[in-house]
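Reader: Hi! Could you walk me through this structure? I'm new to this, so plain words please.
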Amino acid sequence: MTAIYEQDCLDCRSGYRAGRGAQEAVRDLTFDLQDGMYGSLVEADVQGVFDQLDHAWLLTMVRERIDDRACLRLMRQWLTAGMLESDGHVVPPETGSPQGGSISPVLANGYLHSALEVGFAKGVKAHCRGEALLCRYADAWGCALRYQADAERFYRVLPHRLKKCNRQVAPETTHLLRFSRCHPSRRRRFTCLGFALSWMPDRGGVPRVKRRTARKKLQVACRRMAEWIQQHRHLLGRACYQRLNTRFRGHDNYYGLHGNVRSLHRFFERAIRCTFTWRNRRGGKRQRFPWEQCTQGLDRVHIARPRITQGKRRRVFA
């Protein structure tokens with residue numbers, strides 16, 4: 001199924017595809033917004049992608065590309081496989097795809113491809129007076145349009161368009177905002193895959209699309225790191241810092257994009273200060289060590305400093 005539906009994939013899709021991760025999606029979106037002529041942006045989230053898939057509509061969509069009865073029968077059995085409840089009863093689902101199943105991402109991509117991407121290319125982009133751009137990663141997506149009137153019309157008809165495919169948007173994460181180089185402001189920002197994008201002037205005064213870790217994501221990451229340090233404060237020096245390095249590298253591998261150095265350093269400094277606090281609060285007859293000694297010992301234990309992990313852009317244009 002992946003080999004069949006990969007031919008239909010548009011360049012705007014990045015989720016659940018080989019070699020296309022969240023970091024590449026944010027990087028490509030930043031490039032398109034920076035060089036395009038867009039003035040408004042609609043960000044939305046499809047509600048319950050895996051929980052509310054219509055089996056009848058999904059199988060009808062799959063039959064357009066697959067004519068193998070054995071494969072369709074196996075897919076139908078997979079979708080209707082019972083779920084084991086805590087009391088031991090097996091409940092057959094009426095909608096949705098199995099959570100954690102290897103076929104679920106492929107089905108979700110094919111479902112949203114027909115419901116969102118094809119409809120956007122034929123019904124929205126063809127009737128807009130200016131440029132229109134769609135970027136989707138799994139169930140989260142954003143649409144940039146040049147004129148405000150086109151954005152308002154698209155925002156107004158979006159729920160009705162998805163309702164035809166038995167889908168609906170999440171109202172708490174669906175917004176319409178002004179987003180252009182003519183109105184640079186940090187207040188006019190939108191969140192995409194954990195990053196907050198906004199137009200801000202650079203050192204030379206030229207407006208550019210800036211990226212940083214979203215405020216809520218950074219707070220959650222710092223809180224989880226503090227909880228982990230509190231629970232593992234009993235570890236010895238090098239063992240503690242080796243595990244910290246693993247978490248630092250994982251954070252940098254996702255958020256290590258150009259222009260996000262300040263957020264990376266903020267996460268690193270909060271983690272180090274939390275480590276210093278909890279290691280000094282351990283019981284026993286051990287002597288407290290000062291902050292200067294803690295900072296000097298970071299190089300001896302080879303602590304993983306914040307770094308940019310963004311690679312070269314491999315996007316190919318026709």
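Author: Happy to! One term to begin with: contact means heavy atoms within 4.5 Å. Among contacts in the chain between residues at least 6 apart in sequence, 65% join residues at least 24 apart. This is a predicted model, where local features need pLDDT of at least 70 and side-chain atom pairs count only at pLDDT 80 or more, while totals for chains, interfaces and linings use all residues. Residues are numbered from 1 along each chain as its sequence is written, and side-chain values use heavy atoms, with hydrogens and water left out.

Reader: Cool. How many helices and strands does the chain have?
Author: The chain has 10 helices and 9 strands. Both are DSSP runs numbered from the N terminus: helices are H or I with at least four residues, strands are E with at least two.

Reader: And what box do the C-alpha atoms fill?
Author: Taken along the principal axes, the box is roughly 70 × 60 × 35 Å.

Reader: How much of the chain counts as buried?
Author: Of the 318 residues, 44% count as buried. Buried means under 20% relative accessible area, exposed means over 50%, and partly exposed is in between (1.4 Å probe, protein chains only).

Reader: Let's do sheets. What order do the strands take in the one with 4 strands?
Author: The order is β4-β5-β1-β6, in an open sheet with antiparallel pairing. Two strands pair if DSSP finds at least two bridges between them.

Reader: Which ones stand at the edges?
Author: Those are β4 (132-137) and β6 (175-178); each has a single partner strand, so one side of each is left without a neighbour in the sheet. The twist averages 15 degrees from one strand to the next. For such angles, axes are lines fitted to C-alpha atoms (for helices, over the stretch in contact), and angles run from 0 to 180 degrees between N-to-C directions.

Reader: Which helix packs on that sheet?
Author: Helix α5 (residues 104-124) does, touching β4 and β5, and its direction makes about 170 degrees with that of β4. As for the two strands, β4 and β5 (residues 140-145) pair in the antiparallel sense over 6 bridges. Leucine 134 has cysteine 143 in β5 as its bridge partner.

Reader: What about β1, is it enclosed or open?
Author: Strand β1 (residues 40-45) is largely enclosed by the rest of the structure, because 5 of its 6 residues are buried. β1 runs antiparallel to β5, joined by 6 bridges, with glutamate 43 opposite glycine 142 in β5. β1 is also antiparallel to β6, with 4 bridges between them. There, serine 40 has arginine 178 in β6 as its bridge partner.

Reader: Got it! What order do the strands take in the sheet with 3 strands?
Author: They go β7-β8-β9 in an open sheet, again with antiparallel pairing. β7 and β9 (207-213) are the edge strands, each pairing on one side only. The twist averages 30 degrees from one strand to the next. Helix α2 (residues 22-35) lies across β7, β8 and β9, running at about 160 degrees to β9.

Reader: How many bridges pair β7 with β8?
Author: The antiparallel pair has 4 bridges, and cysteine 192 stands opposite phenylalanine 195 in β8. Leucine 193 is found in the loop between β7 (189-192) and β8 (195-201).

Reader: What is the phi of leucine 193?
Author: Leucine 193 has a positive phi of about 55 degrees, although it is not a glycine. Most residues other than glycine have a negative phi. Histidine 302 also has a positive phi, near 55 degrees. Histidine 302 lies in the segment after α10 (291-296), and at 60% relative accessibility it counts as exposed.

Reader: Switching topic: where is tyrosine 254, and what is it in contact with?
Author: Tyrosine 254 lies in helix α8 (residues 237-255). Leaving aside neighbours within four places in sequence, tyrosine 254 is in contact with Ala22, Gln23, Leu193 and Phe195.

Reader: Why does tyrosine 254 count as partly exposed?
Author: Because its relative accessibility is 29%. From C-alpha to C-alpha, tyrosine 254 and aspartate 8 are 28 Å apart in space, and they are 246 residues apart in sequence.
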